[in-house]
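Please open the model in the viewer and keep the selection panel at hand. The tour below proceeds by selection, one site at a time.

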Amino acid sequence: MKKTGYALPPKPAKKEFASVRIALVATRWNTGIVEALLKGARAGLADWGVTPDRVHEFRVPGAFEIPLALEQLARSRRYDGAIALGAVIRGDTPHFDYVCGECARGLQDVALRHLLPVGFGVLTVDTATQAAARAKPGKGNKGYEAASAMLEMVRFKRESA
């Protein structure tokens, strides 16, 4: 499905994001999908002018654990923004609903409590095919989109302060 009605943000100014420090937290489940999301996030950060030395990557067991990791990282006050990456694929039990809901709620809680821009790149899909479609290379990769959204909010914080 093609997105409609989205107005692209202004392109980053030269060196606009050269000094940011970004935390990137990814899960260990669905490794092929998550690795593709990581590649997308790294590409998005690079396109916005963030160099690899300004990005610190962390791994957690699963999506349920991401909020705790981001809470710890936010408390350190070392990061200007964070990106959460994972892939939760629906199974035969309600486990999916609990994990997805609590992950999203926890990430929003961290963002609001610490005023930390958080890019939400945790796929919540019914099938592995849907996950793969959202992790393809390019600007439609949900890791790329999460990185871009987070940086746009870093910009917003700077401009609204």
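**A partly exposed arginine and its partner**

Begin with R90, which is partly exposed at a relative accessible area of 37%. The model is a predicted one. Next, add D126 to the selection: the side chains of R90 and D126 form a salt bridge, 2.7 Å from N to O. This pair links distant parts of the chain, 36 residues apart, with R90 in the loop between β3 and α3 (95-114) and D126 in the loop between β4 and α4 (128-134). D126 is likewise partly exposed, with a relative accessible area of 41%.

**Between α1 and β2**

Select R59 and E35, whose side chains meet in a salt bridge of 2.3 Å, N to O. R59 belongs to strand β2 (residues 55-60) and E35 to helix α1, so the pair ties together parts 24 residues apart in sequence. Then select R42 and E57, where a salt bridge of 2.7 Å, N to O, joins the side chains. Here R42 lies in helix α1 and E57 in strand β2, so parts 15 residues apart in sequence are tied together.

For a network of salt bridges, display E71, R75 and R113. In total, 11 salt bridges are counted.

**Helix α5**

Finally, select residues 142-160, the 19 residues of helix α5, which reaches 26 Å from first to last C-alpha. At its N-terminal end, N141 acts as a cap, with a side-chain oxygen 2.6 Å from the backbone nitrogen of G143. Which residues of α5 are buried? They are G143, Y144, A146, A147, S148, M150, L151, V154 and R155. Show also β1 (22-27), α1 (31-47), β3 (81-89) and β4 (118-125), which are among the elements covering these buried residues.

How values were computed
Residues are numbered from 1 along each chain as its sequence is written. This is a predicted model: local features need pLDDT of at least 70, side-chain atom pairs count only at pLDDT 80 or more; totals for chains, interfaces and linings use all residues. Side-chain values use heavy atoms; hydrogens and water are left out. Helices (H or I, at least four residues) and strands (E, at least two) are DSSP runs, numbered from the N terminus. The expected span of a helix is 1.5 Å times one less than its number of residues. Buried means under 20% relative accessible area, exposed over 50%, partly exposed in between (1.4 Å probe, protein chains only). Contact means heavy atoms within 4.5 Å. A polar contact is a pair of N or O atoms within 3.5 Å; within protein, one must be able to donate a hydrogen and the other to accept it, and residues adjacent in sequence count only if both atoms are side-chain atoms. A salt bridge is a side-chain nitrogen of Lys or Arg within 4 Å of a carboxyl oxygen of Asp or Glu.
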